[in-house]
Amino acid sequence: MKSKRMKLLALPYLVWMVGFIVIPLLLVCFYGFTDQSGSFTLENIAEILVRENYRPLCLALLLSAVSTAICFLAAFPLALILRSRKIGRGSFAAFLFILPMWMNSLLRILAWQTLLERKGVLNGILTALHLPGQRLINTPYAIILGMVYDFLPFMILPIYNTLSKIDDNTINAAYDLGASIPTTIFRVILPLSVPGIVSGVTMVFVPALTTFAISDILGGGKIFLIGNVIEQEFVLNSNWNLGSALSMVLMLFIILSMALLSRYDSGEGAMF
Amino acid sequence: MKKGKKLLENSYLILVLLFLYAPILMLTALSFNASRSRVRFTGFSLRWYREMLSDPAVLLALRNTLLIALGSALFATLLGTMAAIALRSMRKLSRNLVLGITNVPMLNADIVTGISLMLCFIAFRISLGFQTILISHITLNLPYVILSVLPKLKKSSNVSFEAALDLGAGPVYAFFRVVLPDIMPGVLSGFLLAFTMSLDDFIITHFTRGAGINTISTLVYSELRRGIKPSMYALSTMIFAVVFLVLLFVNFAPAWFSGKEEKK
């Protein structure tokens, strides 16, 4: 009786969950598998094989993979240093590295646009030094830079969280047994920090793969990622069927990457 | 040798800090620049701040952003806490199913969540506007609330709640006096997480806002596509200052008030 009443508490949430998580996703599938008149078709899914669609997908996969790798290579040594300095969670130094995570991401993109533009800050400095100006914005490199800048804190936080939970004695034991510093890092610390790395990689790779704002602004509307294609189908072309079908393909890639990552992740993520 | 290593480590930390903060500091400097120039600092001025604060579009967007963040965080905290409590008395199978679906908005790409919600609103004939942004943000916030409350519930045992009932407390009274104080830290951090998630969101808002309503994010996005106005620098500096102060307070105020209590 009592537990039945307790379960009633979940009712509002269950209704919400079905209404705003389950039904919307079913609608995406519905639109993805039908044409404008509402009859079943696989044509929209097959559109991913068209050059204008698969090239942005491949480019997005490439740029987000590169950005994720850079984020990891930057964040792991940083977390190691913070750990070795005994900079605890909740200290001001740790706070400084996590803080940008809570900054509005568009304002951060604005900063890089200002820096990289043709008449932007970096080119202004180059001109002042009588050096030739560089074409920085509207290149894939600008997009990678934007992604790394936007998502780096999301890699730092989980890796740092798992690293600071590793027992000092484990590491000292490795040293006592004669392991060198690199051996200790690669054979002891790295394997122990896998859960943090997995959540860091997910938190960088998925938003980078699906972004359209970064590529739109730092790519000057000339470099299309899959996110831009989907956004245009909905906002500009109003072709919901094609947009939904491409979203389904995108979801497939997200699920694939998570399935791949979950093989390395034993427990829950390190976010909480 | 050891000194060299320390120097190397320090320079690496400083390098990353520079990478993270130099762009923000640059925006701050430009926001106080008297001219439009991005290269030369021609004098200190509050001109762009005045311009920003006299722009009704900016003020309206600020108001919308705060109302939606506060409203969605409050509602998500209420609904999510209720759900978390009920989840505990569910059977394992149904609990795992609910938790699995709950995780979807957190793990899925924002662009897909935004699109799916937009399709849903249009199918249900809910006109796009303030209310649809609010619903979407609540949906986005719920998993964060539930996942911060659940661990706290696991720690607080059911025994004290039942003891309160045996001692004659009504279930509601027992909840507010026994269970809620136990899980309050989780509820609070869930609320704050939800609030910041909503403040920061751009993609989901972009798809569910409809024409004619802006939050800060969507306003900045449309300004960026048109070319940057210096008043945007003033806006971002102001937002950064507020976020910095709020987070500083949330992270360190409890420690300051309870004396110099160091971590265990």
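**View 1. Chain A, with 42% of its 272 residues counted as buried.** Buried here means that 20 or more other C-beta atoms, placed from the backbone, lie within 10 Å of the residue's own. This is a predicted model, in which local features need pLDDT of at least 70 and side-chain atom pairs count only at pLDDT 80 or more, while totals for chains, interfaces and linings use all residues. Residues are numbered from 1 along each chain as its sequence is written, with chains lettered from A and ligands numbered from 1 in the order in which they are written. Chain A has 14 helices and zero strands (DSSP runs numbered from the N terminus: H or I of at least four residues for helices, E of at least two for strands). Its C-alpha trace spans about 80 × 70 × 30 Å along the principal axes. Take the contacts in chain A with a separation of 6 or more, and 75% of them turn out to link residues 24 or more positions apart; a contact means C-beta atoms, placed from the backbone, within 7 Å.

**View 2. Where chain B touches chain A.** Here 60 residues of chain B are in contact with 61 residues of chain A. Plenty of helices chip in: α1 (2-31), α3 (56-88) and α11 (230-257) of chain B are among those that each supply at least two residues to this side of chain B. The top contributor is α1(B), with ten residues. By type, this side of chain B has 45 nonpolar, ten polar and five charged residues (Ala, Val, Leu, Ile, Met, Phe, Trp, Tyr, Cys and Pro count as nonpolar, Asp, Glu, Lys and Arg as charged, and the others, Gly among them, as polar).

**View 3. Helix α6 of chain A (residues 105-116) against α1(B).** The two pack at about 80 degrees, their axes 9 Å apart (axes are lines fitted to C-alpha atoms over the stretch in contact, and angles run from 0 to 180 degrees between N-to-C directions). That makes α6(A) roughly perpendicular to α1(B), a label for angles of 65 to 115 degrees. Ala111(A), Trp112(A), Thr114(A) and Leu115(A) meet Pro23(B), Ile24(B), Met26(B) and Leu27(B). That's seven nonpolar residues, one polar and no charged.

**View 4. Confidence along chain B.** Mean pLDDT for chain B is 88, with 96% of its residues at 70 or more; pLDDT is the predictor's confidence in each residue, from 0 to 100. Among the elements of chain B, α7 (residues 158-166) has the lowest mean, 81, and α5(B) the highest, 96. Go easy on residues 260-264 of chain B, where pLDDT is below 50. Beyond near neighbours in sequence, that stretch has three contacts in the model. The model scores ipTM 0.88 and pTM 0.89.

Terms used
Two residues are in contact if their C-beta atoms, placed from the backbone, lie within 7 Å. Angles under 35 degrees count as roughly parallel, over 145 as roughly antiparallel, 65 to 115 as roughly perpendicular and the rest as oblique. A residue is buried if 20 or more other C-beta atoms lie within 10 Å of its own, exposed if 12 or fewer, and partly exposed in between; C-beta atoms are placed from the backbone.
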